[in-house]
Every structure is written in structure tokens, then in C-alpha cells.
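Student: I'd like a close look at one part of this model, and then a walk outward from there. Could you take me through it as you would at the bench?

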Amino acid sequence: MKTAYDVVILGGGPAGCATALALKQNGASSVLVVEAGNYEKVRVGESIPPDTRLLLEKLDVWDCFLEEQYERCLGSASSWGGDELGYNDFLFNPIGFGWHLDRRRFDKYLAKCVEAQGVDLLTYTRFTDYDLCEDASFNLSLFHEVEKKETSVKARFVVDATGSKALFARSMGGKRQIYDQLTCVYGFFETPFDSYFSKLTILEAVEYGWWYGARLPDGQLAIALTTDAGFFKQEKLQNWKYWLTHLSETVHISQRLAGCGFDKDSLLIVSVVACHMDKVIGDGWLAVGDAASTFDPISAQGIHKALTDSLKAAETIVSCLQGNFDKADDYRVHIANQYANYLKNRNYFYSLENRWPESSFWKNRQKKISLEFQYALQSLN
Ligand SMILES: Cc1cc2nc3c(=O)[nH]c(=O)nc-3n(C[C@H](O)[C@H](O)[C@H](O)COP(=O)(O)OP(=O)(O)OC[C@H]3O[C@@H](n4cnc5c(N)ncnc54)[C@H](O)[C@@H]3O)c2cc1C
């Protein structure tokens, strides 16, 4: 590791790694990625749509992606707004099918691609603080989690890719504009070889939220409930027995789980804050991926968005490093437009479910529409 870089990327998730790859493509030669973990802990967010392929091709990592042999996703089946399942398959999609990933493996594969491009990557290393230097560069404090050692590195430009925590953007005065907060409870199953569970993503809306199921690589199955924190607490859903009871009452998903073995130690509770930073770019820094905006998991667009941002971010950074700041405003508008589009789709999707007019979960999702739009429009101005 050198003591100074042109660009230091904080966070080695999809957004951070893709930004490093895109920077190399744009001619940046002095780039460091700092990642707090080592891709060992379970990560969630596993469905990617077919057109993610175009972004992986642009980043020149598509062939390596195919070698990972993830689970093909042939479309989705959803009971949403009606009791029967409706189908949306990728059969007629010109780009082909989508994928269900093992997120640990996917993030690690991107990190390997980054290293293969000659970018320095520090794992187990957490960004903790920064100082602004006289020459307008940043002095970043880092902490090695295993060696318990502090170091520092200088950066002319900093990329905040720390996910929804947005650590750097927030320390630069950015504030999260929160529109919605949800709780997701994930459980993992082993599927028998001849499992009935299909290669379609399955969604089932219920009075208190929605269930999701996806077949993962290596015979695993992810099942998740998205609900309000209040319902989660009231029903004690951190306890796998209560979670499983609710799951057994679903109509479509429970049927498909016949013969699948539940790993009761796998229950994972994730709090989701769907939000947007009011400041995504400043002098010598920008935010990408979830650090810039975090979508509700119903969109299943977080990785696609992270890769899209990274391509735009790399162009912006290279031009800022050359002293041309014209692209900075384009980047801000890109994030704002993308967020406005997401809100439009998300609101449309939630508005389709009217079977439980008294349900607080659905009322909470639907009443936010006008507020969200007002904000999205403001940030475009
Ligand atoms: C319940 C749930 C379901 C989802 N489902 C889907 C889905 O089906 N499809 C989809 O596309 N998206 C999904 N998403 C969203 C998707 O997971 C995110 O959008 C995506 O991971 C964003 O990538 P990122 O690189 O911006 O952030 P992250 O993936 O969060 O990566 C941030 C990285 O920064 C590192 N980091 C954090 N702090 C520090 C620090 N101080 N120093 C150094 N490194 C640090 C972390 O270790 C991590 O590696 C889901 C999200 C949730 C919560």
C-alpha cells in the first residue's frame, strides 16, 4: 500500500468495486479500495435482473461472472393485488434471464476483479475519520480490524461506498432523507435435489407485509419477510418459531417448501431504511450506490443501481481530478432522476395491493406517495 492515492474508495461492496473497475477503464492509475470486512459474513440482496449483464459487460467482468455459475432466475411469480399467482417470465427478454446470487461470493468475485486490474485492496480495514489537508486532499484514518492497528492514507478524491451508512457523506454534512423504514427477516433453507421450488423469484403479499423466496446457488433457498418494525416486535419474529409459523400460513410459498430443510440458526434480521442523501457530491468526494440512495428491497434494483452509479461516478471523478467540475452537477442530477424513477415505480407497485384496506402495513406504504413525490421533485430543481 502506498501512502497517497488519487482516489480512495471507502467500501468494497458492489458500488465500491465497480467504481474502482470503471476508474481503471477511464485511465485512473492510483486507486485504493478500503473494505471493512473480508466477504465472510452473510450478505443479503441476491436477485439481479437480466439487464445487469450489460453493466457487467461494460465493466469487462461478464466472462468471470459466468464462471461463478450462479443460479439462473427465469422471472417472477407473484400473488400481489390478487390471490392467484401472476407470472412475469424472462422468456421474451432479449437479454435473457436474471440471476440469484450468493452475495458473499458475488462481492468477493468483484473484489478479485478489482485486484486483477492492479487496484490496491485493503480488507479488514475500516475507515474511521478524516482531516482536510492544506493542499485540499484528505488524510483518511484507517483501522485494521485483525491487527488492531491504526494507519492513514492521503487521497485527492474520496468515494463513499460504505453502503446505507454513508459514513463519509454524512461526515461531510450530508443528511439522509428517510421515506420509509422496514424490517426484513431472512431465513435460509436447504433444497433437496428434486425440489419443487422453481427458478422464478416468488412474491406473496400478506396483510402484514410481503414474503419473498429465491433459489440460491449451491442448493440454498432464501425466504424473507418484509414488514413494519412494530409488527416484527409484536409478533416476536426474531424467534424462528414465530417466523416459521407465519411462513406456514402463506398460501403459495409454504406449499413450495415441502421437503426443504430449515436452518434455524440462519435467521437474519435486517433493518432497511429507504432514503436518499441530500448531498451526494462535494469538493473532492462523492457517494455511490447505497451511500447515495437506498431503495426498498421490493425494487430488487440495488446492485443494478450500484453498477450504474459507478460508471457515472468514474467519469465524474476523472474529470474533477483534471480540474473540470462540469460533470459534478450531472452526477447530482443522475442520482436525483434515478431516485425519482424508483419512487414512481415503487409507489405504483405498492398501490396495486388493495386487499387489506385496514392493514397498517399497506396504509403506511400508500400514504407516503404525495410526500415522496414532493421531495423528489424538489431535489431535481
Ligand atoms: C433486505 C434486503 C434485500 C435486498 N434485495 C436486493 C435484491 O434482491 N437485489 C438487489 O439488487 N439489491 C437488493 N438489495 C439492495 C442491495 O443489497 C444494495 O443495494 C447493494 O448491496 C448496494 O451496494 P453498495 O456497494 O452500495 O453497498 P453495500 O453492499 O452495503 O457495501 C458497502 C461496503 O462498505 C463496507 N464498509 C462499511 N463501512 C465501512 C468502513 N467504515 N470502512 C470500510 N468499509 C466499510 C461494507 O463492509 C460493505 O462491503 C437488498 C437490500 C436489503 C437490505
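Let's start with one residue: does Phe 65 count as buried or exposed?

Tutor: Happy to. Please keep in mind throughout that this is a predicted model. Phe 65 counts as buried, because its relative accessibility is 1% and the cut-off for buried is under 20%.

Now for what Phe 65 is paired with. The structure holds 33 aromatic pairs, and one of them joins Phe 65 to Phe 106. Their ring centres are 6.2 Å apart and the ring planes meet at 85°, so this is an edge-to-face pair; for that label the planes have to be over 60 degrees apart. Phe 65 belongs to helix α3, residues 62-67, while Phe 106 belongs to helix α4, residues 103-116, so the pair ties together parts that lie 41 residues apart in sequence. Phe 106 is buried too, because its relative accessibility is 0%.

A second ring pair makes a nice contrast in geometry. Trp 356 and Trp 362 have ring centres 6.4 Å apart and planes at 25°, so that pair is stacked; stacked planes are under 30 degrees apart. Trp 362 has a relative accessible area of 2%, so this residue is buried.

Back to Phe 65, which has further company. Ring pairs join Phe 65 and Phe 106 with Trp 62, Tyr 70, Phe 97, Trp 99 and Tyr 109 in a cluster. Rings elsewhere in the model have charged neighbours. Phe 295 has Lys 305 over its face, at 4.8 Å from the ring centre. Phe 361 has the charged end of Arg 365 over its ring, 4.5 Å from the centre.

If you step back along the chain from α3, you come to a loop. Asp 60 sits in the loop between α2 (52-58) and α3. Its phi is near 65°, a positive value in a residue other than glycine. Asp 60 counts as exposed, because its relative accessibility is 61% and exposed means over 50%. Ala 300 is another non-glycine residue with a positive phi, about 45°. Ala 300 lies in the loop between β19 (293-294) and α9, and its relative accessible area of 36% makes it partly exposed.

The α9 helix brings us to the ligand. Along with α1 (14-25), β9 (125-132), β12 (176-190) and β16 (261-277), α9 (302-321) supplies at least two residues of the shell around the ligand. The largest share comes from β9, with 3 residues. There are 32 residues around the ligand, and those that come nearest are Ala 15, Glu 35, Ser 47, Asp 290 and Ile 303. Sorted by class, the shell has 15 nonpolar, 10 polar and 7 charged residues.

Three side chains are worth picking out on your screen. Arg 43 places a polar side-chain atom 2.9 Å from an oxygen atom of the ligand. Arg 103 also has a polar side-chain atom 2.9 Å from a ligand oxygen. For Lys 165, the partner is a ligand nitrogen atom, with a polar side-chain atom of the lysine 3.2 Å away. As for how covered the ligand is, it exposes 1000 Å² when taken alone, and the protein buries 88% of that.

Finally, here are some distances to help you find your way around. Tyr 350 is in helix α10, residues 326-351, and is buried, with a relative accessible area of 0%. Its C-alpha atom is 29 Å from that of Tyr 70, and the two residues are 280 apart along the chain. Arg 346 is also in helix α10 and counts as buried at 3% relative accessibility. Between the C-alpha atoms of Arg 346 and Thr 128 there are 34 Å, with 218 residues of separation along the chain. In helix α7, residues 240-248, you will find Thr 245, which counts as partly exposed at 38% relative accessibility. The C-alpha atoms of Thr 245 and Asp 283 are separated by 52 Å, and these residues are 38 apart along the chain.

So, to return to where you began: Phe 65 counts as buried at 1% relative accessibility, and its edge-to-face partner is Phe 106.

Terms used:
Residues numbered from 1 in each chain as written. Predicted model: local features only at pLDDT ≥ 70, side-chain atom pairs only at ≥ 80, totals over all residues. Heavy atoms only, no water. Near = heavy atom within 4 Å. Polar contact = N/O pair within 3.5 Å; in protein donor to acceptor, adjacent residues only side chain to side chain. Areas by Shrake-Rupley, 256 points an atom, 1.4 Å probe, with all protein chains shown as cover. Helix = DSSP H or I, 4+ residues; strand = E, 2+ residues; numbered from the N terminus. Nonpolar A, V, L, I, M, F, W, Y, C, P; charged D, E, K, R; others polar. Phe/Tyr/Trp six-rings, centres within 6.5 Å; stacked < 30°, edge-to-face > 60°. Buried < 20%, exposed > 50% of the residue type's maximum accessible area, 1.4 Å probe, protein only. Lys NZ or Arg CZ within 6 Å of the ring centre and 35° of its normal.
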